[in-house]
Amino acid sequence: MRYALFLGCTVPARQMNYEQSARAVAEALDIEFVDLPFGCCGFPLEPISRVKAFAMAAHNLMRASEEHLDVVTLCSACAETLVKTQWLLSREEALLRRVNRELKKLGVEYEGEAPRVLHILRVLHDEVGVENIRRRIERPLRGLRVAVHYGCHYMRPSEAYGGFEDPERPRSLDELVEATGAESVDYPGKMDCCGGALLAMSEDVAREMAAKKLRRLSALDVDALILICPFCAIMYDRYQSLILKEGRIPVLYYTQLLGLALGLEPDALGLDLNAVSVEDLLAKVM
Amino acid sequence: MIVDVEEIDSRFLRRLKSEFDESYLSCFQCGVCSASCPVIEIEGRFNPRRLVKMARLGFKDRVLSSEYIWLCSMCLLCEERCPQGVRIPEVMTALRNLAVEEGYIPEPMRRIQRLLVESGRLYPIDDFTAEERAERGLPEVEAEPEFVKRLAG
């Protein structure tokens, strides 16, 4: 299994724990990542100009296509933007013409290049496979009760994604958590939005959106909240100390949880970079 | 809402159709978008159903100058649930893009564009970051992707 790794903007600068754990887990599972000169996926620019945003996404798709590689993203917004761009440009000719007018600045043209774009969770779930992962577990996380958070862009818009799973009742993260031996607890508000995309425009609203889930979880007595997107981590991990007066909920990327279960050392998974301390959790599993 | 025909801007309506597609015209105001919206629960003045209605009526100035078009969190739940197949978040994006063209650009958005134009990244890979990446065994990344700078402007 060989993929081009799409890091985006947030992960390589602000969420190195996600990158470190994703690379470590990939290595342990014999997945090869190739680093290509990708840039911003386009998502942050969409509110200003969707044409410019899609031109950026298209350029990234062309880079992967040149190397005949499928793309793996860590960030859900990157996955959504790249997938949506392919989908929109394949059906809206006028939009394609406008995008290509932007790409003229670089002397290139998008001709429908469509490498497969997969979020890393889908690689683990669909390509490596849940059963295969279960067989590779060295340190079963039995006794651990965790809450999973899917976020929004991992499986929506379902039409652009080809409906790979129910956009309101997904299962893949629950199944992957259970493969590690941990229990995925069902809870109200499981499908809530973290508010991350509003952080720049309205910090108050974004924080309040994240607060809803954190307050519910602190009453549930879970060992951790498990995420798959760096925006969600900024809201639930980085902002947690500003939201919860007391009681902390460790927040881990799924790749960090899986890494522990695969028997990797915490140092190799960037756990020292998590904002909320993961000491208690580590004491439980190690 | 009182409809003042003087407010209707037919050029804006045509522009919105060409900018986006015509799916939003099929909105029959059922309100499932507003009922599903996680932002409304916190900021009751944000109302996607109302914004789509005002856009359909062609109230250009009222819609484009509204701070509320910037409050959609892009969770995409309303799009999944809309019985008419209106991609409401895409309508919000189209309205935002047209607002920008009319000069209504919120400062945080201006900043985001400036960062991408000037450095090609939202979060810089400065010396400190590059050093930390190296210490963690992470590969070097291009500090300022040139194609991003050129396409963002």
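The largest pocket of this predicted model holds about 730 Å³ of space. Its lining counts 29 residues. Closest to the centre are A:Leu199, A:Ala200 and A:Phe231 from chain A, joined by B:Ile112 and B:Tyr123 from chain B. Three elements give two or more residues to this lining. Chain A offers helix H10 (230-238). Chain B offers helix H6 (88-101) and helix H7 (107-119). By class, the lining of the largest pocket has 21 nonpolar residues, two polar ones and six charged ones.

Now turn to the second largest pocket. About 440 Å³ of space lies there, and 25 residues line it. The residues closest to its centre are A:Gly189, A:Lys190, A:Met191 and A:Asp192, along with B:Leu77. Helix H9 (203-218) of chain A supplies at least two residues of this lining. So do two helices of chain B, H2 (32-36) and H5 (77-81). The class count for the second largest pocket reads 13 nonpolar, two polar and ten charged.

Next comes a sheet in chain A. Four strands build an open sheet in the order E6-E5-E7-E8, and the pairing is parallel. E6 and strand E8 (251-253) stand at the edges, each with a single partner strand, so one side of each has no neighbour in the sheet. Strands of a sheet pair through backbone hydrogen bonds, in either the parallel or the antiparallel sense.

Walk across this sheet from E6. Strand E6 (residues 183-184) of chain A pairs with strand E5 (residues 145-148) of chain A over two bridges, in the parallel sense. One contact can be named here: A:Arg145 has A:Glu183 in E6(A) as its bridge partner.

The next step leads from E5 to E7. Three bridges join E5(A) to strand E7 (residues 224-227) of chain A, and the two run parallel. A:Val148 finds its bridge partner in E7(A), at A:Ile226.

The last step reaches E8. E7(A) and E8(A) run parallel and are joined by three bridges. A:Ile226 appears again, standing opposite A:Leu252 in E8(A). A:Ile226 is thus a good place to pick up the trail: follow it to A:Val148 as bridge partner, then to A:Leu252 in E8(A).

Terms used:
Residues are numbered from 1 along each chain as its sequence is written. Chains are lettered from A and ligands numbered from 1 in the order in which they are written. This is a predicted model: local features need pLDDT of at least 70, side-chain atom pairs count only at pLDDT 80 or more; totals for chains, interfaces and linings use all residues. Side-chain values use heavy atoms; hydrogens and water are left out. Two strands pair if DSSP finds at least two bridges between them. On a 1 Å grid over the protein atoms alone, a cavity is a set of points where a 1.4 Å probe fits but cannot get out, and a pocket is an open set with protein on both sides within 12 Å along at least five of seven lines; lining residues have an atom within 4 Å of a point. Grid points are joined across faces, edges and corners, and a volume is the space filled by probe spheres set on the points. Ala, Val, Leu, Ile, Met, Phe, Trp, Tyr, Cys and Pro count as nonpolar, Asp, Glu, Lys and Arg as charged, and the others, Gly among them, as polar.
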